[in-house]
Amino acid sequence: MARRNIIIAAMCLTALATRAQQAAPTTFAPRCEQPLITNLSAPTTPTQGLAGRHIALWHSHGRYYERTQDRWEWQRARLLQTVEDLYTMSYVLPYLTPMLENAGANVILPRERDWNTNEVVVDNDANTQYSKAIYKEHNGQQTWQQGQGAGFAHRQKVYMAFQNPFGDGTFRSVQSIKKGQESTAEWTPNVPKTGEYAVYVSYKTVPGSTTTAHYTVYHQGGESHFCVNQQMGGGTWIYLGKFVFNEKAGQQHRVTLTNNTGKVGEIVTADGVKFGGGMGNIGRPDVSGYPRFTEAARYWMQWAGVPDSVYSESKGQNDYTDDYKSRGMWVNWLAGGSDSYPSGQGLNVPIDLSFAFHSDAGTTKDNRTIGTLGIYYTQSYDSVFANGASRYLCKDLTESVQNSILNDIRALHEPQWNSRGSRDASYFEARTPRVPAMLLELLSHQNFADMRYGLDPRFRFTVSRAIYKGILRFICAQRGITPVVAPLPVDHFAASLKGRDQVELTWNAVPDTLEPSAMPDRYIVYTRLGNGAFDNGKVVKRNRYVARIPADVVCSFRVEAVNKGGKSFPSETMAVARCSASMDKKALVVNGFDRICAPADFVAPAPADTLYAGFLDNIDHGVPYVQDISYIGSQKEFNRTLPWLDDDSGGFGDSYGNEETKVIAGNTFDYPALHGEAILKAGLSFESCANECLDKAKDDYAFIDYILGKQCQTKMGRGDVHPLMFKTFDSKVQNALAQYAQRGVHLFVSGAYVASDLWCNPLTKSLESDQRFATEVLKYKWRNSRAALTGNVRMVRSPLQLGVGEMNYANALNAEQYIVESPDAIEPADSTGFTVMRYPENNLSAAIASQGSYKTFVMGFPFESITQAFSREKLMKTIIDFFMRQPHDEVKISQTQSSNKARHITSFTGEVKK
């Protein structure tokens, strides 16, 4: 009988467990009727992407105060030109976060995301830190009042232990209206320097808070409108976006908040608004002296009003452990009170998942990579989330992202990329969040084989897109939605003048070979006039767009591809201008500079290949995508046998730190406008196109301006997997330029590797046909590589009478213009040409000009790298005057002046005689 009862009881328990399993949710999909932020000015909203979702995301570590050493330091060693504290940021901020936001997600970070070191805080309380900041209110039907409770105030430059600026002041409050005279609050920063600034707002969540607070940002590109759900996120900095503000705009550039929410009787609150990233302002007891974006999450949290119980579990005794512990606890603070974590105390933000982005350590002495590891944890909180779903969803998230990364890296870059698998392990950032969580160890920042890929912007884009896709698939699976991947950027972009006052834009969609769903069905065209900023865009259905343009203004355009999953990264920027003084004369500006890449590297020849290797950025720094925020200095230790001892003695890969507070300029893909501005000021109209559609351009050009920048043949990683990319002149371009020359169109070319890429690129054998194109069509030849260091050039006397003058190009790392560390020395190829510029430090020839049936002007350094606009404009005017000079105005060239005494020009029709 007893045995029978035991069996029956066991059966009942099994049935109950089965019923409980059947009743328990199998997904994690927190309810959210109104997201934290909605961009009302966005031209499109994804329906099969991440719209309405909230993602907590962070990059690892950051600058911190080490009590035992009484100093600020990095949490990892300086290795291979970077440090993990900054390295993972170079994925999260420029790539991953925008990709998730382009898919519609609200992405929240526990570290400063703006690398602008200027910061202006405008607040309703007296602002003693920046006297030009202005806060104003206007009362309509309802009157602004002081809210009940504490708010933000910026009362001191440095905040010491546990001081909270969000408890030092007051906030403002007003009842909402549906119609009638609005009440508004207004924050005017009067920024100290024109540039791009992140905008953060703050407010107080109170009973009756509105879900539709309407903020407007007035900026250089127009105005952008946002709906903020003030029932969540009160008492901290809430990011709206990045915008260009002009230091001379005064009250034209500002942020406003209205009490018109579309409903009556709600509460709208207003507090401080922050513009820019700024410098660290947390004293331990001294401040770091570094930009805030470089600092660890623990310090951002204090500045952002996060409770000290979250950011300092050690009560100020150990900032290192506080930092890595704070990130997971911060997720729970965000989610507390929401459907994600209803029993918690926090900001009521329904977080869908958290993602920690790290790199790891480990070395090999060959081409083997350490590779990728995914970490999750299933055993915390009784192995379930608040809604009862299993924490094994953390494994699903990890495998979705891990598989996506491995698949895309192996398909596009390195077939042998190593997988370290996924691991159910008790790491704080994996076990603490009350939402599905993953910790990624992407690669080894200590291993040369990994970092040959890891320093390349193309690899960073691929990895970030793979992570975004893994997250997208996971979240869509939780909600029963078929995911659609956002498209890739368009190519074959061209901007042509049409009629008397129009521009015609054309482009091609780019298929994603890895994602069939990633095809666009619409596009967004953005416009910029003069030196302004881009507007909010216009949706078009076809890959062609025609618009009216004003005369005598450089009009710039870029395009984003769109589908139901979101939007792509922007295209390169094309520009046009119609010069009213010479409507029929125009130039074609061709952007042939699309290179982004890692710095030059080397491995010693065998048998020393296991002994010496490294990066040689003094030879070629590489080309960042727009800007690099992870470079710290050149590698100084190349001995692969030296071990890591501690973070001050990193062994192999040890690097300088002299650049670690700097932002480094890269390829902005925005040079046709810069060239075109100089052409317009010289009195000509211009059009522009990408190099891949040069052969489809029109014939009626006075000259072609071919931009090469730092274009040259470049490998990826170890270099023997895929063909080289970014050749200066491929065969298609050579044929197109030769045909223009045959029709008498003049040619202007500038670039740092204009000759060395064809004569002596160490990655490939030179081709006689390439050199013949340079000498016979463009009329120049290679003389020397790495020709100059000082960044100076001067125009010299020549029979072509181009004048004399001096100018500078960017020869040092900076935030505005990519560095030209290795310009070419070039010489005339025959008697039709002359040296017209030299590098003063050695008198090597820096530029040549030739004349005949058509004329050429070729520079061994990029035109856009000339640092002063006045110098660029003067040089462009000189070049155009030379091109437009009629044959009877030319100066005859005697045989004694010729650099080729066997052949010389005796007529200006291009006829060559003995």
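Trainee: Which residues of α7 are buried?

Mentor: Keeping in mind that this is a predicted model, the buried residues of α7 are Leu393, Cys394, Leu397, Thr398, Ser400, Val401, Gln402, Ser404, Ile405, Leu406, Asp408 and Ile409.

Trainee: And what do the buried residues of α7 pack against?

Mentor: They pack against four strands, namely β18 (353–360), β19 (372–376), β20 (419–424) and β21 (437–444), and also against the helix α10 (457–479).

Trainee: How far apart are the end C-alpha atoms of α7, and what should the helix span?

Mentor: The end C-alpha atoms are 29 Å apart, and this agrees with the expected 28 Å, because helix α7 has 20 residues (393–412) and the expectation is taken at 1.5 Å a residue.

Trainee: Switching topic, what does the pLDDT of the chain average?

Mentor: The protein chain averages 93, with 94% of the residues scoring at least 70. Over residues 1–22, however, the pLDDT is below 50, and that stretch has zero contacts in the model beyond near neighbours in sequence.

Trainee: What about residues 891–914?

Mentor: There the pLDDT also stays under 50, although for residues 891–914 the model has 42 contacts beyond four places in sequence.

Trainee: OK, now the sheet with β8 in it: what is the strand order?

Mentor: The order is β8-β9-β16 in an open sheet of three strands with antiparallel pairing, and the edge strands, each pairing on one side only, are β8 (145–146) and β16 (267–270).

Trainee: Over how many bridges do β8 and β9 pair?

Mentor: β8 pairs with β9 (residues 172–175) over two bridges, in the antiparallel sense, and Gln145 stands opposite Ser173 in β9.

Methods
Residues are numbered from 1 along each chain as its sequence is written. This is a predicted model: local features need pLDDT of at least 70, side-chain atom pairs count only at pLDDT 80 or more; totals for chains, interfaces and linings use all residues. Side-chain values use heavy atoms; hydrogens and water are left out. The expected span of a helix is 1.5 Å times one less than its number of residues. Buried means under 20% relative accessible area, exposed over 50%, partly exposed in between (1.4 Å probe, protein chains only). Contact means heavy atoms within 4.5 Å. pLDDT is the predictor's confidence in each residue, from 0 to 100. Two strands pair if DSSP finds at least two bridges between them.
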